[in-house]
Amino acid sequence: MAQEDLFKKLVSHCKEYGFVFPSSEIYDGLAAVYDYGQNGVELKNNIKKYWWDSMVLLHENIVGLDSSIFMHPTIWKASGHIDAFNDPLIDNKDSKKRYRADVLVEDQIAKYDDKINKEVAKAAKKFGDAFDEKKFRATNPRILEHISKRDALHECYKKAMNDNDLNELRQIIIDEGIVCPISGTKNWTDVRQFNLMFSTEMGSTSEGSMKVYLRPETAQGIFVNFLNVQKTGRMKIPFGIAQIGKAFRNEIVARQFIFRMREFEQMEMQFFVRPGTEMEWFKKWKENRMRWHQNLGFGADCYRFHDHEKLAHYANAATDIEYLMPFGFKEVEGIHSRTDFDLSQHEKFSGKSIKYFDAELNKSYTPYDIETSIGVDRMFLSVICAAYHEEILENGETRVVMKFPPALAPVKLAVLPLVKKDGLPEKACEIIDDLKFHFHCQYEEKDSIGKRYRRQDAIGTPYCVTVDHDTLKDNTVTLRDRDTMKQERVAIDKLNDIIAERVSITSLLKKL
Ligand code: ATP
């Protein structure tokens with residue numbers, strides 16, 4: 001299936017089965033804002049729990065925090081967001097469509113890479129086993145021409161971005177002949193910087209009100225609480241503070257469903273270390289976070305690191321963990337070595353000392369910080385992409401099954417009475433009443449058993465139990481496994497033992 005078609009199917013599956021709805025849909029929606037439905041919220045909560053427990057439960061030196069969305073506006077001056085949290089935007093005068101100028105150029109660079117890869121694939125097919133790819137890449141004139149154009153473009157782009165040269169960025173777009181995909185023209189406006197922070201007014205009267213921002217990242221809430229947590233928790237370096245919360249960015253171009261939203265959720269952990277040890281910790285957290293992703297069992301090939309060439313003003317090392325979405329490898333998580341930038345800035349702007357006294361070294365210093373920052377929604381999207389399967393059954397029918405890791409599945413067990421009479425529904429409810437304290441169960445009595453199985457497959461329920469007439473006699477039920485579709489007869493009082501361990505977050509955490 002073409003990847004584009006797959007993605008369209010995923011989006012409609014998410015809507016049809018109560019995972020994700022467009023926000024304000026009855027008013028025709030609100031761009032890049034989404035709501036999570038009855039199954040989506042369960043999946044999202046399970047993802048958050050997997051992350052939270054892996055940080056806070058498994059590390060005695062990591063504690064949690066829940067800071068507010070509104071913060072003192074000077075925080076955003078200190079962090080650099082008021083001055084530098086910008087994206088370069090450009091409009092096409094004919095289509096009136098708005099684009100991120102840097103993305104237009106990056107897409108153009110990717111086109112050269114595509115051309116190179118296509119030439120290589122064509123030659124590999126032509127020459128078969130005798131094909132020497134390295135030699136071909138180093139000598140083929142067409143490839144060399146593409147590489148040289150690509151590299152030249154990359155150099156100019158890097159320089160324009162580093163120098164913040166918006167005129168040059170526009171010139172690159174013109175010189176490369178980049179056209180608007182809607183109008184097909186090169187009728188571009190100037191490039192302007194656009195600040196991504198949403199602002200609002202706080203206070204009851206307009207004279208007395210203060211401009212405040214909706215936080216564009218959760219991290220600053222951690223930095224400004226550094227001393228509160230360190231002192232009240234008597235935390236010793238190295239230690240971390242973890243937080244899950246909403247963040248808001250007025251993204252210029254919102255696309256790809258929940259990949260780029262204007263309101264989204266982040267799971268961030270700031271790990272404070274001794275100056276000079278940050279690279280060692282950066283490496284450790286890179287490995288730790290990749291392990292966390294791969295532990296879900298979607299296959300190591302779906303992930304890669306993307307080390308940053310251009311570092312943000314606060315970082316001395318940065319990498320992204322990318323996941324292979326249907327639209328290519330995309331960032332799901334960022335890991336940054338943020339130096340002492342944030343704590344020092346808040347010290348400067350607040351006038352309060354934010355130092356740590358290291359008793360072992362007998363000296364005070366501003367700790368360095370390693371950040372791991374992952375978007376809940378992007379993680380959600382990667383899980384949905386990995387889980388979606390279409391399978392042809394023996395009878396020729398197709399089943400859509402969401403193969404979620406059981407610990408993340410929204411519903412763990414569906415209990416289905418074979419018929420709606422003869423005391424079977426009551427027996428089914430009895431089973432749920434017993435198991436509902438341990439995991440999320442669902443009761444379903446409408447339609448044939450086959451149809452009910454299909455519906456549970458579509459929301460990724462790992463187990464279904466069918467209650468039939470024999471159940472009333474011998475207290476056994478049929479337990480069906482989502483992935484193998486195998487059915488076995490088990491005693492009702494064994495259900496908890498069989499299912500609970502396999503569907504618990506603990507079982508995932510133990511594999512880490
Ligand atoms: P991008 O380059 O894609 O804009 P970023 O590098 O600005 O992302 P960070 O500031 O590092 O992102 O934020 C950390 C994480 O927050 C990202 O890895 C991503 O998962 C998530 N995130 C950032 N912006 C958005 C958004 N607009 N919608 C959904 N998730 C987002």
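## A three-stranded sheet

Strand 4 (residues 86-91) pairs with strand 6 in the antiparallel sense, and 4 bridges hold that pairing on paper. Strands here are DSSP runs of E with at least two residues, helices are runs of H or I with at least four, and both are numbered from the N terminus; two strands pair if DSSP finds at least two bridges between them. One place to look is Leu-89, which stands opposite Arg-192 in strand 6.

The sheet they belong to is open, with 3 strands in the order 5-4-6 and antiparallel pairing. Strand 5 (98-100) and strand 6 (192-195) are at the edges with a single partner strand each, so one side of each has no neighbour in the sheet. Neighbouring strands are turned by 45° against each other on average, direction ignored.

Two helices lie across this sheet. Helix 5 (residues 101-127) crosses strand 4 and strand 5, at about 65° to strand 5. Helix 8 (residues 166-175) lies across strand 4 and strand 6, at about 45° to strand 4. Angles run from 0 to 180 degrees between N-to-C directions, using lines fitted to C-alpha atoms (for helices, over the stretch in contact), where contact means heavy atoms within 4.5 Å.

## About the model

This is a predicted model, so to speak of local features takes pLDDT of at least 70 and side-chain atom pairs count only at pLDDT 80 or more, while totals for chains, interfaces and linings use all residues. Residues are numbered from 1 along each chain as its sequence is written, and side-chain values use heavy atoms, leaving out hydrogens and water.

## A seven-stranded sheet

Now for another open sheet: 7 strands, in the order 3-9-10-16-13-12-11, with mixed pairing. Strand 3 (62-65) and strand 11 (303-307) are the edge strands, each pairing on one side only. From one strand to the next, the twist averages 25°.

Inside it, strand 10 (residues 263-273) and strand 16 (residues 368-375) run antiparallel and are joined by 8 bridges. Phe-271 has Ile-370 in strand 16 as its bridge partner. Helix 13 (residues 376-387) lies across strand 10, strand 12 (317-325), strand 13 (328-339) and strand 16, at about 35° to strand 12.

## The whole protein

Stepping back, there are 18 helices and 23 strands. The C-alpha atoms fill a box of roughly 80 × 65 × 55 Å along the principal axes. Of the 512 residues, 49% are buried, meaning under 20% relative accessible area (exposed is over 50%, partly exposed in between; 1.4 Å probe, protein chains only).
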